[in-house]
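This report introduces a protein chain to a reader who has not met it before. The sequence and structure are shown first, and the description follows.

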Amino acid sequence: MTTTPPNAEVSLGMPQLPAPDYPADVRARLEADAKEIIGRYPGSRSALLPLLHLVQSEEGFVSRTGMAFCAELLELTTAEVTAVATFYSMYRRKQGGDYQVGVCTNTLCAVMGGDAIFDALKEHLGVGNNETTEDGKVTLEHIECNAACDFAPVVMVNWEFFDNQTPDSAKRLVDDLREGGTVQPTRGAPLCTYKETARILAGFPDERPGAVEATGGAGPASLVGLRLAKGEAPQRVVRPRDGAHPQNESQPGAAEEGE
């Protein structure tokens with residue numbers, strides 16, 4: 001027979017109390033924005049994803065209050081909203097920093113140095129995965145593929161690209177973020193805070209000067225397949241290791257590697 005230690009906390013299995021509502025002024029502002037979002041869709045429940053970004057832009061994460069707000073406006077259950085909010089990794093479940101620093105640790109980025117970058121940042125910042133620095137500036141996480149393999153290893157800050165990183169450049173990056181210095185992504189729009197990013201993802205315009213005009217496309221390695229399909233790039237035939245001639249070597253337009 002086991003006994004519970006006298007100082008141990010005992011869970012009685014009591015259900016959580018209902019989530020508190022937003023203050024009246026905040027709720028009125030969010031309702032106006034929410035109605036604009038819902039009006040974009042023929043079915044109201046289709047607005048759930050941008051609504052979750054909207055409440056995230058208010059608190060910096062999707063709180064129980066935010067999920068109850070979405071459920072009420074879309075006539076869904078909180079369980080339905082929670083299922084969606086916990087499925088997508090772009091929705092935080094707890095308060096985080098002004099800058100979400102994600103290090104890609106998927107295969108190619110990891111091989112090219114992503115794992116080393118992630119380990120260096122954990123030590124440099126004194127935080128683990130999905131933890132936030134004491135000053136509330138940076139939340140560190142490892143993330144999956146960002147479809148930028150030709151720029152590996154890639155670090156993202158609030159979903160903007162910082163390409164071809166090294167442990168040293170990544171440490172300088174987070175230091176600049178914490179010190180309030182000017183940080184410019186490798187490509188894409190100028191950097192803004194996590195809450196501001198969430199509002200943009202909710203579908204509201206980015207009104208910062210030059211932000212809309214800023215762009216960043218894929219690199220040459222990412223686009224070579226498209227160029228081949230359009231006939232804009234010379235085709236290459238790579239010889240098998242045994243030296244045998246591939247069957248399609250004589251096809252028009254094919255050129256041997258190295259020619």
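## Cysteines, fold and pocket

There are zero disulfides in the structure, which is a predicted model. C149, for instance, takes part in no disulfide, and the nearest cysteine sulfur, belonging to C145, lies 4.1 Å away. A disulfide requires the two sulfur atoms to be within 2.5 Å, so the separation of 4.1 Å between the sulfurs of C149 and C145 does not qualify. As to solvent, C149 is partly exposed, with a relative accessible area of 38%, whereas C192 is buried, at 9%.

The chain as a whole contains eight helices and seven strands. It has 259 residues, of which 38% count as buried. Among contacts in the chain with a separation of 6 or more, 61% are made by residues 24 or more positions apart.

Two residues located in loops illustrate the buried part of the chain. S63 is found in the loop between α2 (48-59) and α3 (64-74). Its relative accessibility is 8%, and S63 therefore counts as buried, the cut-off being under 20%. The side chain of S63 reaches the backbone nitrogen of G66 at a distance of 3.0 Å. R187 is placed in the loop between α6 (167-179) and α7 (194-201). With a relative accessible area of 12%, R187 is likewise buried, because this value is also under 20%. A polar contact of 2.7 Å links the side chain of R187 to that of D163.

The accessibility values of the four residues described above are gathered here.

| Residue | Relative accessible area | Class |
|---|---|---|
| S63 | 8% | buried |
| C149 | 38% | partly exposed |
| R187 | 12% | buried |
| C192 | 9% | buried |

The remaining topic is the open space in the model. The largest pocket encloses about 400 Å³ of space. It is lined by 23 residues, and those closest to its centre are S89, M90, Q100, N130 and E141. Strand β3 (residues 138-143) supplies the largest share of this lining, with four residues. Sorted by class, the lining of the largest pocket comprises eight nonpolar, 10 polar and five charged residues.

Definitions and conventions:
Residues are numbered from 1 along each chain as its sequence is written. This is a predicted model: local features need pLDDT of at least 70, side-chain atom pairs count only at pLDDT 80 or more; totals for chains, interfaces and linings use all residues. Side-chain values use heavy atoms; hydrogens and water are left out. On a 1 Å grid over the protein atoms alone, a cavity is a set of points where a 1.4 Å probe fits but cannot get out, and a pocket is an open set with protein on both sides within 12 Å along at least five of seven lines; lining residues have an atom within 4 Å of a point. Grid points are joined across faces, edges and corners, and a volume is the space filled by probe spheres set on the points. Ala, Val, Leu, Ile, Met, Phe, Trp, Tyr, Cys and Pro count as nonpolar, Asp, Glu, Lys and Arg as charged, and the others, Gly among them, as polar. Buried means under 20% relative accessible area, exposed over 50%, partly exposed in between (1.4 Å probe, protein chains only). A polar contact is a pair of N or O atoms within 3.5 Å; within protein, one must be able to donate a hydrogen and the other to accept it, and residues adjacent in sequence count only if both atoms are side-chain atoms. Contact means heavy atoms within 4.5 Å.
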